[in-house]
Amino acid sequence: MQHFPIFMAVAGRRIVLSGGGDAALAKLRLLLKTEANVTVFAADPAPEIQTWAQQDRLTLHPRGMEPGDAMCAVLFYAANEDATEDARVADIAHRDGARVNIVDNLSDSQFITPAIVDRDPVVVAIGTEGAAPVLARAIKRDLEEKLPAQLGTLARIGKTFRRAVEVLPFGKARRDFWAEYYFDHGPKSLELGEDAVIPALEDHLANTLNKSEEVGHVDLVGAGPGDPDLLTLKARKALDKADVVIHDRLVPHTILELARREATIIDAGKTGFGPSTPQGDIDALIVEHARAGAHVVRLKAGDATVFGRLDEELDAIAAAGVSYTIIPGITAASAAVATIGQSLTKRGRNSAVRLITGHDTKGYADQDWRALATPGEVAAIYMGRTAARYIQGRLTMHGADPATPVTIVEHASQPGQRIHTATLGTLSDTMAGVTGPALTLYGLAPRAALDAVETLPLQEVAQ
């Protein structure tokens, strides 16, 4: 992020613009929506600018800028549509201490003006740092269609009532109050006229205060394999409502950033054969925050129902009398097999697939190795990196062909994804080059497009 988005207070402050043509008009139509004192310098101003000056909406000086003209200005726009003149007036404004924007010159500008959706006092600013103005306009158009015209009126009235709502505890209680106002009570009362809104707010506040204190709720959410685009809509909605997010080590920051800014984010990560948050502590954290009335999201990598110790958390939640919802996610096996252009089952090859783990709470996990060693069997092996030599030995001991294809997908679906091709006979040697979280696909090789580039048994194909 090269430009930090802020909303600047400009009421009663000075904004200066140099220019009198189309570029100047475009900026002025936006600036005149503010309560700033706008001053324009233009030797040949457009008729609209002259009209605005006659209406006292701005101050017009029908000449070019001179040193001192931008003194005390909080913002300055160079909009002459002439590079030489824009550079000259920008230098003057810099010397006068103003923040400078040169229209259509991102590199020499100190700030940019975003696309704006105006539902005053609700204002949505959309910026692309100059990379894609067309995209910003498309987003603006979509938001204009979705945000009701009366939203600004509701916000203006609600603003006058904010002090009264301070009797509610900070956090969930206030957030729920305002959510019900903006999406239920407010629009209904506004249909009867603006005078009906404040009485409706007063009734709504009284009813909220009379409610008995509620216990929170827990959403046990599968975060998917790591790509935010693979997060389900239901998971996104849960994150948007969460007061507390308790997440696994493998949930990336790009997904955590989707949570509300005010949410408490708690890292409850586990590392195989390494530092870990005890499961009992995680259970206690979930219950503690839910009993305090919070909406808790327990965020697990992949699908919460696959090797996520979900049952232990459900037992603790149920024992505490807290309600819960399980929101499934895309498991790592589905993401990994998709990246190599294969499927987990195939007619004539295997009618079943095993999802197994390389280790459990007791150490290396034992499996039905004899059945898995049968030709044509397929397994997705979770947490198999440290157990690679053990798995290789068990399968070989039970008669598995050392030439059986194996594919290791590291950081599946994420920017750092890597695909490692191997065989059962080379599994442990190949795994030695894997440093990140990986999913091992036993019995599967990448499709011909990837197979064709293999030149060495241990070759690594970067994605």
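**Close-up 1. Thr 232 sits in the loop between strand S8 (217-222) and helix H8 (233-241).** Keep in mind that this is a predicted model. Is Thr 232 buried or exposed? Neither label fits: with 26% relative accessibility, Thr 232 counts as partly exposed, because buried means under 20% and exposed means over 50%. Look for a polar atom of the Thr 232 side chain, and you'll find the backbone nitrogen of Ala 235 lying 3.0 Å from that atom. If you set aside the neighbours within four places in sequence, Thr 232 is in contact with Ile 327 and Pro 328. You can also pick out Val 221, eleven residues apart from Thr 232 along the chain, with 9.5 Å separating the two C-alpha atoms.

**Close-up 2. Here's helix H14 (residues 388-397) with its buried residues.** Which residues of H14 are buried? They are Ala 388, Tyr 390, Ile 391, Gln 392 and Leu 395. Here's a handy bit of background: an α-helix has 3.6 residues a turn, so residues three or four places apart point the same way. And what covers the buried residues of H14? The cover includes helices H13 (369-372) and H15 (427-431), along with strands S15 (363-364), S16 (379-382) and S19 (438-442). Follow the chain to just after H14 and you meet Gly 399, which takes a positive phi of about 95°.

**Close-up 3. Met 1, Phe 4, Ile 6 and Met 8 make a nonpolar surface patch.** The patch comes to about 520 Å². Zoom in on Phe 4, one of the residues that make it: you'll find Phe 4 in the segment before strand S1 (14-18). Phe 4 has a relative accessible area of 68%, so it counts as exposed.

Key
Residues are numbered from 1 along each chain as its sequence is written. This is a predicted model: local features need pLDDT of at least 70, side-chain atom pairs count only at pLDDT 80 or more; totals for chains, interfaces and linings use all residues. Side-chain values use heavy atoms; hydrogens and water are left out. Patches are made of residues with over 30% relative accessible area and no salt bridge: like charges are joined within 9 Å, nonpolar side chains (Val, Leu, Ile, Met, Phe, Trp, Tyr) within 5 Å. Accessible areas come from the Shrake-Rupley method with a 1.4 Å probe; for residues, only the protein chains shown count as cover. A salt bridge is a side-chain nitrogen of Lys or Arg within 4 Å of a carboxyl oxygen of Asp or Glu. Helices (H or I, at least four residues) and strands (E, at least two) are DSSP runs, numbered from the N terminus. Buried means under 20% relative accessible area, exposed over 50%, partly exposed in between (1.4 Å probe, protein chains only). Contact means heavy atoms within 4.5 Å. A polar contact is a pair of N or O atoms within 3.5 Å; within protein, one must be able to donate a hydrogen and the other to accept it, and residues adjacent in sequence count only if both atoms are side-chain atoms.
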